[in-house]
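Please open the model in your viewer and keep the selection panel at hand. The stops below say what to select next and what is there.

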Amino acid sequence: MVDFICHSSFDHLQWACCFSKNPIQTCEGNNRMRYIIKNETVTFYFDNPKREVETTASQSFAGTGLSDKQVVALAEGLVKKFRGAALGTQQGATTQFLRPLFAYFKATKNSWPTTSADWQITIYGLFQFYLANTSWSQARTGFRMRQWQEKIGGLLEFLKEEEVIPQDIVIPKIDQKRIKSIAKDQPLLGQPRKKLVDLTTQPKKLLVDISVGMTDANYLNAVEKKCRHLIDVIKDTCQEHWEGLMKDGATGRTLAEIVTDAKIEEETAAKRFGTYSGKSHRLCLFASAAQPQGHNWALAVTRHKIATGSNIDCVSIRTLRASPFFRNDAFCHEMDQFSALGNFTALTREQRQAIQIPSLFYRFAGLLSNIDAAAACCLLTIEHPEFTSEALQDAKLLNVHGKPYLLLTDSHYHSILSVDKPRAGKRKSVVLSSRSQQLVKDILQWTAPVRNVLRRAGDKTWRYLFLGVKQRSGIYGTLGVIEGKSIYLNGGQDTIALATLHPALSRNGLDKGSFDYRRLRNTLGVIRWFETGSIVEMSRRLGNTSKVALEHYLPPALLNAWNTRIIRRFQNTLIVLAAYDEPYLLEVTDFSTMADLQHFIAQLIVDYPTKTSPLAEELQRRIGTVQHLEAGSAALVPGLLNVRLSPKSLAFLYSYSDLSKRMLTESDIDKIDVISGLAPRQFIDLATLLKHAAESNRIHASLSESLDVPLLKQVHGGALAMQAGLDAQFSRLAIKHHWAENL
């Protein structure tokens with residue numbers, strides 16, 4: 001028996017033959033998916049780094065008449081198509097495509113097509129089977145139509161590109177009348193799905209009277225103001241949660257230090273685990289809530305177990321109960337919350353009652369929870385919307401080769417964090433803001449002990465950024481990767497979330513159905529669009545292309561209203577220009593009061609200065625004032641370049657100029673930065689100009705006095721004296737590659 005074993009990589013396919021007893025086809029590689037075919041079943045294995053058991057998806061093709069080699073071609077296509085997708089997408093794709101396909105071949109008994117004509121008949125038959133047959137699915141026809149149009153059809157097109165299906169085959173499509181922009185499914189914060197406020201449905205007269213006469217900064221002020229308010233509510237709430245967490249952690253460390261490791265080892269060696277109570281005539285354990293220092297002992301023992309443990313459940317509830325220092329029913333009753341910790345915590349009484357009994361203890365023990373990760377992800381998203389929630393929750397500090405993803409620069413106030421964006425198929429790097437820098441340092445400090453335990457346990461998840469305590473197999477307190485999923489933002493039926501602990505979120509409509517990471521990130525992008533009116537700036541803020549930002553992130557209602565406003569303002573501008581001296585001007589415009597009309601005309605005079613366009617010329621001539629005409633003319637008169645310098649700023653300019661000319665190529669010198677719109681050439685030319693002015697002796701005395709050349713020469717001399725030291729600093733400019741050294 002000859003078996004085909006397939007080793008697949010990104011760009012090529014290699015086949016090898018070997019002899020074995022059982023026929024197996026496998027595909028392995030570094031593309032996060034692999035499969036094995038055995039006993040007429042194809043099983044996909046997904047490389048889920050956080051898995052506790054293998055993550056798989058299987059489909060049987062028994063009775064279809066398909067051979068293993070034919071199924072290999074389909075499996076290869078799925079691997080190449082979804083190798084960079086998220087885990088859930090990979091799992092869904094394998095089932096959504098192979099299940100109906102295998103059901104079709106099993107029901108029709110058709111053989112694998114070999115010619116283009118056979119393929120076309122098979123595709124049409126599959127199309128009809130997918131929409132109408134109920135033996136493999138009970139889904140409604142509308143749902144099947146959407147699935148075919150959005151997923152199945154696209155996958156068949158991909159198989160055409162991979163030459164699994166002939167190129168001349170026509171894939172059936174279903175045209176449905178709907179808004180093509182996917183941004184309709186990207187609601188803002190506080191707006192549930194399908195309930196976006198369509199501003200075009202407002203009474204037309206009200207929209208015109210209020211909005212058309214307003215400036216760009218005030219237009220849609222209610223929407224923008226609400227967006228900013230909700231972002232501030234989330235930021236303040238998460239910051240309050242995080243600061244309270246840090247405070248309790250610091251208090252917990254102070255309390256735990258009262259009982260030293262030496263004391264714990266001494267009592268363990270002597271087998272003294274408590275004190276005898278004459279009142280109750282029984283042994284009262286050291287880590288019991290009944291002991292005055294029970295909370296100190298409990299925290300100290302937990303700290304000691306983390307420092308020496310090599311198992312992921314070294315501080316789980318089950319392990320602590322098995323410890324001779326704890327009761328075997330610890331953390332079961334209300335009294336086990338240690339009343340002393342309740343007095344020290346930054347949580348309110350209502351918050352303490354809402355959380356689980358062990359949660360307060362683990363909080364003081366310095367261990368993060370899923371809710372804490374959710375708060376941190378919100379803060380990082382607000383600071384850096386370029387990161388998606390999936391990218392942040394899957395962030396790692398090191399790759400498998402030891403390369404750091406968190407780089408600390410020479411500046412103590414800036415770091416570079418790199419995260420993986422699976423759907424984009426690339427990594428995204430940003431310079432952390434000061435708030436994010438402090439947040440990441442807090443996370444590193446809290447997760448360092450857990451990280452060491454996971455390394456000793458041989459658990460590869462130690463490289464992840466978010467580590468703490470979670471629930472595993474019904475046991476609370478297991479160490480591992482924590483995930484701040486959306487359910488920990490708005491809560492569920494049995495899930496405690498940020499909205500549960502902080503009622504301010506619910507009071508502002510930030511609850512289930514209206515608050516998640518997608519809405520948070522989308523709202524941040526819309527705020528940037530409000531600020532600049534630019535899709536390009538919005539796309540930069542979100543780390544996407546302009547096309548993606550326009551189609552996926554900007555709600556059509558807002559874009560339509562914005563475009564309507566631009567058109568209406570231009571129409572009213574032309575009406576005012578044509579009938580500016582007519583008595584019926586108010587009636588032919590969209591304004592109901594003379595005050596609104598006068599406000600609009602005043603804006604036109606300011607927004608269209610003279611000699612900027614033909615329209616501006618006519619506006620200023622007909623409705624402008626003499627002062628505006630003179631101001632417009634004076635603006636075009638050549639003037640002087642005013643530069644305010646100090647020896648230090650000029651020294652930096654000289655050092656940068658010399659470094660650029662020495663280190664950069666001509667093309668790099670002329671390369672324009674997309675954010676600032678400036679190139680190194682401009683700074684070099686400015687430095688050359690100032691040097692020439694300061695060192696030249698040919699400047700006329702009158703011009704020298706006008707340009708204040710003597711002061712320039714004085715500043716120039718001071719700059720040259722400082723430049724040598726700056727040049728030495730620039731020569732040592734580098735990025736450090738050791739993220740842990742500043743902990």
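## A helix pair, two cores and the uncertain stretches

In this predicted model, begin by selecting residues 517-532, which form helix α19, together with residues 535-542, which form helix α20; the two helices pack at an angle of about 145 degrees, with their axes 8 Å apart. As you turn the view, note that α19 passes α20 in a right-handed crossing. To see what makes the contact, show the side chains of R521, L524, G525, V526, R528, W529 and T532 on α19, and those of I535, E537, M538, R541 and L542 on α20. Coloured by class, this contact of α19 with α20 comprises 6 nonpolar, 2 polar and 4 charged residues.

Next, select I234, W242, F325, F326, F331, F361 and F466, which are the residues that touch the most other members of the largest nonpolar core, a set of 102 residues. Then add helix α6, residues 221-256, which supplies the largest share of this core with 12 residues. For a second core, separate from that one and made up of 44 residues, select W119, I123, F129 and L155, which are among its members.

Finally, colour the protein by pLDDT, which averages 78, with 78% of the residues scoring at least 70. Which contacts deserve a cautious reading? Select residues 1-31, over which pLDDT stays under 50, and for which the model has 66 contacts beyond four places in sequence. Select also residues 194-217, where pLDDT likewise stays under 50 and the model has 54 contacts beyond four places in sequence.

How values were computed
Residues numbered from 1 in each chain as written. Predicted model: local features only at pLDDT ≥ 70, side-chain atom pairs only at ≥ 80, totals over all residues. Heavy atoms only, no water. Core = buried A, V, L, I, M, F, W, Y, C linked by side-chain atoms within 4.5 Å. Buried < 20%, exposed > 50% of the residue type's maximum accessible area, 1.4 Å probe, protein only. Helix = DSSP H or I, 4+ residues; strand = E, 2+ residues; numbered from the N terminus. pLDDT = per-residue confidence, 0-100. Contact = heavy atoms within 4.5 Å. Axes fitted to C-alpha atoms, helices over the stretch in contact; angles between N-to-C directions. Left-handed = near helix turned anticlockwise from the far one by under 90°. Nonpolar A, V, L, I, M, F, W, Y, C, P; charged D, E, K, R; others polar.
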